[in-house]
Amino acid sequence: MHVVMENTIHKKPRIGWIDALRGFTMILVVAFHVCQDGFGLQAQQSSSMPLLKLFRMPLFFFISGFLAYSASRQWSLPVLGSLLLKKLRVQVVPTLVFFTVFIMLMYHDWTTAWWQSWDTETKAGYWFTLALLYMFLVYYLFEYIFRRGITVLFVVSLAICVSCYMPAWFPWALGYKGEPCDWIIRSSLRMSMVYFPFFLLGNIVHRHWQRAQQLMDSRWLMPMLVIVAFVSAFDYMKWHYLRLAWHSLPLITARFSLLLIVLMSFRHYQTFFSEATRVGRALQYIGRRTLDIYLLHFLFVPRLPEVGAYFSTHPHTFIADFTLAVIVSIVVIGFCLVTSNVLRVSPFLKKWLFGRS
């Protein structure tokens, strides 16, 4: 995903372990789609999908928000207009192109399938770039108008996020076709509402990076997060003690705590994820090509329903499930990177397909 912003003068220096973290998250995203679309596994049939689903996308949006902040950016109307136009070009054009190619390859009557798929919330998997676009539009406009108060926006976004899981109180959260608020679902705007708090948390952490690092180095934070993550994740996936209006609490708590655990782990072992190691170089390279991989990987996920059928009828562990999905996902990512490098030979395609000038 094209989340590295430029200020008005210079490109921001890259943070190696953040690139590696983004690469790790991209592998999880592809692995999830390998399980779901490639193996044909439902969440309840997989030993790894329920856990991966809790934090893989929140972590991606957190990193996007982290990298969106620039302390040196001087806000003005031309700067705002330039950023908005750039985001519209980078997020919309590639999405439409690769979504169309995917539909053409998958369906015989692709024109009908195109409209039917685009009219859904997930858009055949291509919802992410649109949801991220909405976040950037709100964030840029808020920054330009208010210049401060991002914490207030975070609290408001968290309240909206919770409301998305409470259709009994907020019927718009399940606005299907024909209902007054169905556009919230069909535009993928609800996805932005669900994940916007993680984007803003990443932005807040970057704004207060020195304080955040002091907090992460404390003795009590990691143990507390592990306990909270364990209890909330198990309640959401297994125990189900909290129900009705409270059922979203363990889900959202698990997402935040697992996200922070992974973030703190990568920061603590940042030397291992630096360019001095093979693993670090590989993850950083993947992390710098996340937009390319995200747009391309749907075209290369192999259809292996036999694997899903085997897992559905035979006992299997988290390790077996997860390891096989990751191995296949790395192969898929390899095909994506080769294709990306070929397409980037053309400056025109490099700009309009992947947002790079």
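The following questions and replies deal with how some features of this predicted model get their labels.

Me: Why is Ser192 called buried?
Reply: Its relative accessible area is 5%. Buried means under 20%, so Ser192 is counted as buried. Ser192 has its place in helix H8 (residues 189–207).

Me: What makes the approach of the Ser192 side chain to the backbone oxygen of Ala131 a polar contact?
Reply: The side chain reaches that oxygen at 2.6 Å. A pair of N or O atoms has to lie within 3.5 Å, with one able to donate a hydrogen and the other to accept it; at 2.6 Å the distance is within the limit, so the pair qualifies.

Me: Which residues does Ser192 contact, leaving aside its neighbours within four places in sequence?
Reply: Ser192 is in contact with Ala131, Tyr134 and Met135.

Me: How are H2 and H5 placed relative to each other?
Reply: The axes of helix H2 (residues 49–68) and helix H5 (residues 127–146) come within 12 Å and cross at roughly 40°. The crossing of H2 past H5 is right-handed. From H2, Met57, Phe60, Phe61, Ser64 and Ala68 meet a set of H5 residues, among them Trp127, Phe128 and Ala131.

Me: What kinds of residue make up the contact of H2 with H5?
Reply: There are eleven nonpolar residues, one polar and no charged. Ser64 is one of the H2 residues in this contact; Ser is not listed as nonpolar or charged, so Ser64 counts as polar.

Me: Why is the pair of Trp127 and Phe128 called edge-to-face?
Reply: The count of aromatic pairs comes to 38. In the pair of Trp127 and Phe128, the rings are 6.0 Å apart centre to centre, with 70° between the planes. Centres must lie within 6.5 Å and planes over 60 degrees apart count as edge-to-face, so the label applies. Trp127 is buried because its relative accessibility is 10%, and Phe128 is buried at 0%.

Me: What makes Phe272 and Phe273 edge-to-face?
Reply: Their ring centres are 5.1 Å apart and the planes stand at 80°, so this pair passes the limits of 6.5 Å and 60 degrees. Phe272 has 43% relative accessibility and counts as partly exposed, whereas Phe273, at 12%, counts as buried.

Me: Why is Gly149 called partly exposed?
Reply: Its relative accessible area is 31%. Partly exposed lies between the cut-offs of 20% and 50%, so the term fits Gly149. Gly149 is found in the loop between H5 and helix H6 (150–163).

Terms used
Residues numbered from 1 in each chain as written. Heavy atoms only, no water. Axes fitted to C-alpha atoms, helices over the stretch in contact; angles between N-to-C directions. Helix = DSSP H or I, 4+ residues; strand = E, 2+ residues; numbered from the N terminus. Left-handed = near helix turned anticlockwise from the far one by under 90°. Contact = heavy atoms within 4.5 Å. Buried < 20%, exposed > 50% of the residue type's maximum accessible area, 1.4 Å probe, protein only. Phe/Tyr/Trp six-rings, centres within 6.5 Å; stacked < 30°, edge-to-face > 60°.
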